[in-house]
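Good morning, colleagues. Please take a moment to look at the sequence and the structure before I begin.

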Amino acid sequence: MKLEIIIRIHDGKNIHGNKPRYIDIPKKDLIIGCLSSLINSANSSNAEISFIILNDHCTQDCISKIHNIFKYSKHSYQLIDLEIPGFNHSGLKQFEYCKNSTADLIYSVEDDYLHCENAISEMLFSYQYLKSHYNLSKELCLFPFDNPEDYVPYQLYPGRVFRTPTRHWRGGIWTTFTMMTTPKVFRDYWSTFEKLALQYKPFAPGEDPNILVDEGNTIGEIWKSDVIRINPIPSLALHIQFEEQRDPHINHLEWWNKYSKIYKFEVNYG
């Protein structure tokens, strides 16, 4: 099985504002730590894997460190500088690369997801196991994070639970721009992915939520009816965003200090 990992990176201003992340370090350090964990995880897999890194105007220091940590990757990578800056353009380019990929599976991933060592191998194994052992009439989409927000009472959505030999997976209707699925899903629902990328903006107080475009009212509709979206229990990757996204059942500091170390990078947080 051939996997293409497509990650976009930006070490500047957070589109969601100045609210601190629950690992509160400079964004370039967060990128290097999270990307290191992803390289570590890919190195633990025997699959044919390649990386495409879409650089949304990161600092040269960040880019130099990325080249250095990829010296420790057993898989190939391309770093592509995007001409147009901004969240929406980088999101569009990420989805375009996913749509046009010739790999069996693509992993669209953002730069603030911290992966455990077996994340990639577990996701690939689980995808193949579920496709071969369950009578599924729809395609699968794997979201690597067991998001605490999915368990808020007013956001609960009934979903099927699947079991592999190593863990459970729970159905749901939410992903960020991070997901593992087939390029065909992007091709079949391209207008929806394109709309999300080009029109997305975070909610701001005072705005009418009915006119906003986000993951829930775009690709969430795909996961609700056309593609089976599942997430692992427990998480295989942590979204290092705000307190609302902190997984209460995983010690994120242990993960950070265990999985974010490649090349001479050292940020012991906590």
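I shall speak about one helix, two cysteines and a group of aromatic rings.

Please bear in mind that this is a predicted model.

I begin with helix 2, which spans residues 60–69. Its buried residues are Cys 62, Ile 63, Ile 66, Asn 68 and Ile 69. They pack against strand 1, helix 1, strand 2 and strand 3.

Cys 62 leads to my next point. How many disulfides does the structure hold? The number is zero. The closest cysteine sulfur to that of Cys 58 belongs to Cys 62, and at 4.3 Å it is too far for a bond, because a disulfide requires the sulfur atoms to be within 2.5 Å. Both cysteines are nevertheless buried: Cys 58 has a relative accessible area of 12%, and Cys 62 has 0%.

I turn now to the aromatic residues. The structure holds 15 aromatic pairs. In one of them, Phe 87 and Phe 177 meet edge-to-face, with 5.4 Å between the centres and 70° between the planes. Phe 87 lies in helix 3 and Phe 177 in the loop between strand 8 and strand 9, so this pair ties together parts 90 residues apart in sequence.

Phe 95 and Phe 193 also form an edge-to-face pair, their centres 5.2 Å apart and their planes at 75°. Here helix 3 is linked with helix 6, across 98 residues. Phe 95 is buried at 0% relative accessibility, and Phe 193 is likewise buried at 0%.

These four residues belong to a cluster of ring pairs that also includes Phe 186, Tyr 200 and Trp 223. Finally, Arg 8 lies over the face of Phe 87, 4.3 Å from the ring centre.

How values were computed:
Residues numbered from 1 in each chain as written. Predicted model: local features only at pLDDT ≥ 70, side-chain atom pairs only at ≥ 80, totals over all residues. Heavy atoms only, no water. Buried < 20%, exposed > 50% of the residue type's maximum accessible area, 1.4 Å probe, protein only. Helix = DSSP H or I, 4+ residues; strand = E, 2+ residues; numbered from the N terminus. Contact = heavy atoms within 4.5 Å. Phe/Tyr/Trp six-rings, centres within 6.5 Å; stacked < 30°, edge-to-face > 60°. Lys NZ or Arg CZ within 6 Å of the ring centre and 35° of its normal.
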